[in-house]
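User: Hey, got a minute to walk me through this one? I'd like the overall picture and then some details.

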Amino acid sequence: MSELTPLFEVFVRSKRGLDHVHVGSLHAADAEHALTYARDTYTRRGEGASIWVVEARHIVASQETDADMFSDPMEDKPYRHATHYDLPDGVENL
Amino acid sequence: MGEMDDLSCLALRLGDDALIHSHRLAEWCGCAPTLEEELALANVALDFLGRARFCLQLVGRRLDSDEDRLAYHRDAREYTNLLLMEQPRGDFAYAMVRQFVMDEFEALYFGQLAASQDPDLAAIAAKSNKEIAYHLRRSRDWIERLGLGTTESRDRLQVALIDVWDHVAELFAMDEVETRLAGASIVPDRSALRDEWLAAVLPRFEAATVEPPAQMPAISGGRRGVHTEHLERLLSQMQSLQRAYPGLAW
């Protein structure tokens, strides 16, 4: 079954101007099919202005074991955050 | 129901078509081939139920009745749906072919009904047309998929097409009521839609490598309350609660 109907991930943009947000997944025979199923499964109450579907196998994801290399080095680089800097006189918002 | 004016009669027909079809689709709850398809079928069933309500509410307002009485307190002899809608659920191929031939018909019929001289029917049609466009996208897709899928899906599609063909002629049957309404530009003339409908469905059947029978049997009766045995069984289930506890409310 899953070979005939691979897994697709569904992303819905609820309003123009917002980003597409991952809402879930479903099985379908191909992308067109997945799009109609996405409409029935995830936008029944008019949530979506636009839907993306992408076959799950095409998503390249970072692994938990990569966390050290991907995220940790940022922790000791506070200067990458705006809050690291003193607000110059006369600037109300940064 | 007694004597009924033409417009009420027509609205009742459209309401009965939608209600009975909705019930047959709802019978897929719990038995669809996949979870996604189950949701899709139920969704389409609810579209038809919504349309049935608008039509029956319209009849209710005109005849001093209401949608629930019309849906739950009439027997098969008083139902005016087309015979195609009441045929048993069948297999998935049958459900999709029935849906497809109806969708292609409704795209034409409700497309024109949106310009009806009657504002209530025009409003119902305008709402339905958005739903029909989606139903059509789904059913066209499934005809192609089943036809070009596996040997079994193609064979089932062919068998289903032969079965469905028994009752498609009635989609285009006119009687005095609808002829009068068509003359007043209130409804489209069904018989005039037949060629355009054939031009829409035949190439898709051909592309799906299936073929309808050469003859379209002229079986009709639904509009006069002369039904196949399947409607009685459907109603006995659909109306069971109101039959056991008349007037019961939520």
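**Chain B, then chain A**

Analyst: Sure. Going along the sequence, chain B reads α-α-α-α-α-α-α-α-α-α-α. Keep in mind that this is a predicted model.

User: How many helices and strands is that in chain B?

Analyst: Chain B has 11 helices and zero strands.

User: And how compact is chain B?

Analyst: Its radius of gyration is 18 Å, close to the 18 Å from the globule rule for 250 residues, so chain B is as compact as a globular protein of that length. Along the principal axes, the C-alpha atoms of chain B fill a box of roughly 55 × 45 × 30 Å.

User: What share of chain B is buried?

Analyst: 41% of the 250 residues in chain B count as buried. As for contacts in chain B with a separation of 6 or more, 75% come from residues 24 or more positions apart.

User: OK, switching to chain A. What's the strand order in the sheet there?

Analyst: The order is 2-1-3, in an open sheet of three strands with antiparallel pairing. Strand 2 (21-27) and strand 3 (50-55) of chain A are at the edges with a single partner strand each, so one side of each has no neighbour in the sheet. From one strand to the next, the twist averages 25°.

User: How many bridges link strand 1 and strand 2 of chain A?

Analyst: Six, in the antiparallel sense, with strand 1 covering residues 7-13. A:Phe8, for instance, has A:Leu26 in strand 2 as its bridge partner.

User: Which strands does helix 1 of chain A lie across?

Analyst: Helix 1 (residues 31-42) lies across strand 1, strand 2 and strand 3 of chain A, and runs at about 130° to strand 3.

Definitions and conventions. Residues numbered from 1 in each chain as written. Chains lettered and ligands numbered in written order. Predicted model: local features only at pLDDT ≥ 70, side-chain atom pairs only at ≥ 80, totals over all residues. Pairing = 2+ DSSP bridges. Helix = DSSP H or I, 4+ residues; strand = E, 2+ residues; numbered from the N terminus. Axes fitted to C-alpha atoms, helices over the stretch in contact; angles between N-to-C directions. Contact = placed C-beta atoms within 7 Å. Rg over C-alpha atoms; globule rule 2.2 N^0.38 Å. Buried ≥ 20, exposed ≤ 12 C-beta atoms within 10 Å, placed from the backbone.
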